[in-house]
Amino acid sequence: MSEEQFAEVVSQYVPPAVEAEAGVNEKKEKKSVSQNKLVKRLRREVGRALHDYNMIQDGDRIMVCLSGGKDSYTMLDILMQLQQSAPVKFELVAVNLDQMQPGFPKEILPNYLESLGVEYQIITEDTYSTVTRVIPEGKTMCSLCSRLRRGILYKAATALGCNKLALGHHRDDIIETMFLNMFHGGKIKAMPAKLKSDDGKHILIRPLAYCREQDIERYSEMKEFPIIPCNLCGSQENLQRVHVKRMLQDWDKQFPGRVDSLFTATQNIVPSQMLDRNLFDFEGLEETQVRDDAHEKRIPVVNQWFGLSGDKE
Ligand code: SF4
């Protein structure tokens, strides 16, 4: 080997340790690119939902309902980011309802919220005792529990001067609810992105309505939110919801994009192609029917075929 050839071989040699480090760096870089994409996607989806449903207006004071789960942490985090860049001014108040479930770690949320510097309030109401007293053992307590919680949160919103409440339900919650209502309630009904309370005093918004649960899960892990377990009440997760969730996950594995399509369907309802007489005036269709002369002339002939024409006699 000539001296020049030797020099070339040496220049191309990469020690194994350097090579390994390059591999690690490349992995890190890939991870950070995918995390950036995730952050951008979630911010974009929330921004789009806020815009599409005109969820937030100038001067709104929004109570952000925080359970200590991945969804509500993500919602607060992204709303705080958007607050900095939004063209309208709005206030956020994070609110957690301590339902006195055994083992609820009381210090986690205040510590976290202090570290964010956001206005917050922890409300303590013993709904746990009420629910466990009223619901027979072994039955799911969620329906009564959420009704009580909703009532308390509405009252709190009024006391805190908030005109809106933000809930952390996401796209997958919405689709699951739609199927649950179809399977068990005989209704095509999901969760709206925006809703007025029955007494008309509060507007409820769901800023994560367009976000996928999978993205929220990844974001929550990335941000290392201090998650509070949601099984403290001892209630079994609603088994029907678990069943529907699994069904949707299986579908999406088998037919990628199906859940996206289902979600799009919730925004594209065609009342004239359904059978709901309250949504579409089927009885009155003839009143708006366009008839031409030829049509008028054909009617007696057609009637004759079916033996309907009085003219025959
Ligand atoms: S899981 Fe427990 S805390 Fe959550 S809604 Fe059901 S009963 Fe209430």
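**Group meeting: helix packing and the sheet around β1**

Let's start with a helix pair. Helix α3, residues 70–85, packs against helix α8, residues 213–223, at an angle of about 75°, and their axes are 9 Å apart. That angle makes α3 roughly perpendicular to α8. Who makes the contact? From α3, the residues are Lys70, Asp71, Tyr73, Thr74 and Asp77. From α8, they are Ile216, Glu217, Tyr219, Ser220 and Lys223. Sorted by class, this contact has 5 charged, 3 nonpolar and 2 polar residues. One reminder: this is a predicted model.

Now step back to the whole chain. There are 313 residues, and 21% of them are buried. The chain has 11 helices and 6 strands. Take the contacts between residues at least 6 apart in sequence: 75% of these join residues at least 24 apart.

Next, the sheet. It is open, with 6 strands. In what order do the strands run? The order is β3-β2-β1-β4-β6-β5, and the pairing is mixed. At the edges stand β3, residues 119–124, and β5, residues 194–196. Each has a single partner strand, so one side of each is left without a neighbour in the sheet. On average, neighbouring strands are turned by 25° against each other, direction ignored.

Let's go to β1, residues 61–65. Strand β1 is mostly covered, with 4 of its 5 residues buried. In the strand order, β1 sits between β2 and β4. Take the β2 side. Strand β2 covers residues 91–98, runs parallel to β1 and is joined to β1 by 5 bridges. Here Ile62 stands opposite Leu92. Now the β4 side. Strand β4, residues 164–166, is also parallel to β1, and 3 bridges join the two. On this side Ile62 stands opposite Lys164. Further along, Val64 of β1 stands opposite Ala166 of β4. So Ile62 has a residue opposite in each neighbour strand: Leu92 in β2 and Lys164 in β4.

That brings us back to α3. What unit do β1, α3 and β2 make? They make a β-α-β unit, and the unit is right-handed. So the α3 of our opening contact with α8 is also the helix of this unit.

Another helix meets the sheet. Helix α6, residues 142–159, lies across β1, β2, β3 and β4. Against β2, α6 runs at about 140°.

Now two backbone points. Asn54 has a positive phi of about 45°, although Asn54 is not a glycine. Where is Asn54? In the loop between α2, residues 16–52, and β1. Buried or exposed? Asn54 counts as exposed, with 9 C-beta neighbours inside 10 Å. The second case is Met100. Its phi is near 65°, again positive in a residue other than glycine. Met100 lies in the loop between β2 and α4, residues 108–116. With 15 C-beta neighbours inside 10 Å, Met100 counts as partly exposed.

Last item: Ala265. This residue is found in helix α10, residues 258–266. Ala265 is partly exposed, because 13 other C-beta atoms lie within 10 Å. How far is Ala265 from Ile175? In sequence, 90 residues; in space, 10.0 Å, C-alpha to C-alpha.

To wrap up: α3 packs on α8 at about 75°, and β1 is joined in parallel to β2 and to β4. Thanks.

Notes:
Residues are numbered from 1 along each chain as its sequence is written. This is a predicted model: local features need pLDDT of at least 70, side-chain atom pairs count only at pLDDT 80 or more; totals for chains, interfaces and linings use all residues. Axes are lines fitted to C-alpha atoms, for helices over the stretch in contact, and angles run from 0 to 180 degrees between N-to-C directions. Angles under 35 degrees count as roughly parallel, over 145 as roughly antiparallel, 65 to 115 as roughly perpendicular and the rest as oblique. Two residues are in contact if their C-beta atoms, placed from the backbone, lie within 7 Å. Ala, Val, Leu, Ile, Met, Phe, Trp, Tyr, Cys and Pro count as nonpolar, Asp, Glu, Lys and Arg as charged, and the others, Gly among them, as polar. A residue is buried if 20 or more other C-beta atoms lie within 10 Å of its own, exposed if 12 or fewer, and partly exposed in between; C-beta atoms are placed from the backbone. Two strands pair if DSSP finds at least two bridges between them. A crossover is right-handed if, with the strands pointing away from the viewer, the path from the first strand over the helix to the second runs clockwise.
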